[in-house]
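Trainee: I would like to learn how to read the features of a protein model. Please take me through one example.

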Amino acid sequence: MFAAILIFSTMAVMAASTKDNMANDVGNEMEQYKETIRSWYGENKTIVDGNYDKSLAVKCINGTFVGKKVDNTIVFKGIPYVGQQPIGSLRWKAPVDATPNDGVYEAYYNAKAAPQPEVELSSIYYQGEDCLYLNIWKPATTAAEKKPAIVWVHGGAYS
């Protein structure tokens, strides 16, 4: 009887250890995957030398943003739509309007995503409360007719 209990206890410990090791392996693989995805991202910088493709630029009240052409689409990423991000003393306050700005900025990279649970696919991207930015895709053609637009604002629901 003692031998059976000893064998069963040993098997249970081994199974728990194997489960923990598998969980650690999956966790390590996920971290490596996140780092790979994050390595594709950068930080938008100010363009100070005036050397940019004017056909890929759009003038906004808060600056001129230069996108990238991808196939037949012009992509603008990480354009702030508030004057100051609502963090710290600005949390739960009315938004701060964008201030006029003549600067020229890259719009090549995604900004931070809103914080998500680790189980969400979007949790692989950089996250933070300072996440009020737009990503915009438009056709590279210069057709004069009006085109439809889709605007998606992420919600929540804590689910």
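The dialogue below goes through the elements, the sheets, a few single residues and the aromatic rings.

Mentor: Keep in mind from the start that this is a predicted model.

Trainee: How many helices and strands does the chain have, and how do the elements run from the N terminus on?

Mentor: The chain has one helix and six strands. The elements run α-β-β-β-β-β-β from the N terminus. The helix, α1, covers residues 2-39.

Trainee: What share of the residues of the chain counts as buried?

Mentor: Of the 159 residues, 19% are buried. The accessible surface of the chain is about 12,200 Å², and carbon and sulfur atoms hold 60% of that surface. As for contacts, take those with a sequence separation of 6 or more: 67% of them join residues 24 or more positions apart.

Trainee: Now the sheets. How do strands of a sheet pair?

Mentor: Strands pair through backbone hydrogen bonds, and the sense is either parallel or antiparallel. In this structure, one open sheet holds three strands in the order β1-β2-β5, and its pairing is mixed. Its edge strands are β1 (57-60) and β5 (104-106), each of which pairs on one side only. Neighbouring strands in this sheet are turned by 25° against each other on average, with direction ignored.

Trainee: In which sense do β1 and β2 pair, and over how many bridges?

Mentor: They pair in the antiparallel sense over four bridges, with β2 made of residues 63-66. The two strands form a hairpin, and two residues lie between them. One bridge links Cys-60 to Gly-63 in β2.

Trainee: What is the strand order in the other open sheet, and what is its pairing?

Mentor: That sheet has three strands in the order β3-β4-β6, with antiparallel pairing. β3 (68-70) and β6 (133-139) are at the edges; each has a single partner strand, so one side of each has no neighbour in the sheet. The twist from one strand to the next averages 25°. β3 pairs with β4 (residues 73-80) over three bridges, in the antiparallel sense. Val-70 has Thr-73 in β4 as its bridge partner.

Trainee: How should I look at a single residue in a strand, such as Thr-64?

Mentor: Start with the general pattern: side chains of a regular strand alternate between the two faces of the sheet. Then look at the surroundings of the residue. Thr-64 lies in β2. Its relative accessible area is 10%, under the 20% limit, so Thr-64 counts as buried. Leaving out residues up to four places away in sequence, Thr-64 touches Tyr-52, Ala-57, Val-58, Lys-59, Gly-103, Val-104 and Tyr-105.

Trainee: Where does Tyr-41 lie, and which residues does Tyr-41 touch?

Mentor: Tyr-41 is in the loop between α1 and β1. Apart from residues up to four places away in sequence, Tyr-41 touches Tyr-109, Asn-110 and Tyr-125. Tyr-41 and Asn-110 are 69 residues apart in sequence, and their C-alpha atoms are 7.0 Å apart in space. With a relative accessible area of 24%, Tyr-41 is partly exposed.

Trainee: Which values describe a pair of aromatic rings?

Mentor: Such a pair is described by the distance of the centres and the angle of the planes. The count here is two aromatic pairs. One of them joins Tyr-108 and Tyr-109: the centres are 6.2 Å apart, the planes stand at 75°, and the pair is edge-to-face. Tyr-108 is partly exposed at a relative accessible area of 23%, and Tyr-109 is partly exposed with 23%.

Trainee: Which charged end sits over the ring of Tyr-108?

Mentor: That of Lys-68, 5.0 Å from the ring centre. Elsewhere, the charged end of Lys-54 sits over the ring of Tyr-52, 4.0 Å from its centre.

Trainee: What is the phi of Asp-71, and is Asp-71 buried or exposed?

Mentor: Its phi is positive, about 55°, although Asp-71 is not a glycine. Asp-71 lies in the loop between β3 and β4 and is exposed, with 70% relative accessibility. Trp-92 also has a positive phi, near 65°. Trp-92 lies in the loop between β4 and β5, and its relative accessible area of 82% makes Trp-92 exposed.

Methods: Residues are numbered from 1 along each chain as its sequence is written. This is a predicted model: local features need pLDDT of at least 70, side-chain atom pairs count only at pLDDT 80 or more; totals for chains, interfaces and linings use all residues. Side-chain values use heavy atoms; hydrogens and water are left out. Rings of Phe, Tyr and Trp (its six-membered ring) pair if their centres lie within 6.5 Å; planes under 30 degrees apart count as stacked, over 60 as edge-to-face and the rest as tilted. Buried means under 20% relative accessible area, exposed over 50%, partly exposed in between (1.4 Å probe, protein chains only). A charge sits over a ring if NZ of Lys or CZ of Arg is within 6 Å of the ring centre and within 35 degrees of the ring normal. Two strands pair if DSSP finds at least two bridges between them. Axes are lines fitted to C-alpha atoms, for helices over the stretch in contact, and angles run from 0 to 180 degrees between N-to-C directions. Contact means heavy atoms within 4.5 Å. Accessible areas come from the Shrake-Rupley method with a 1.4 Å probe; for residues, only the protein chains shown count as cover.
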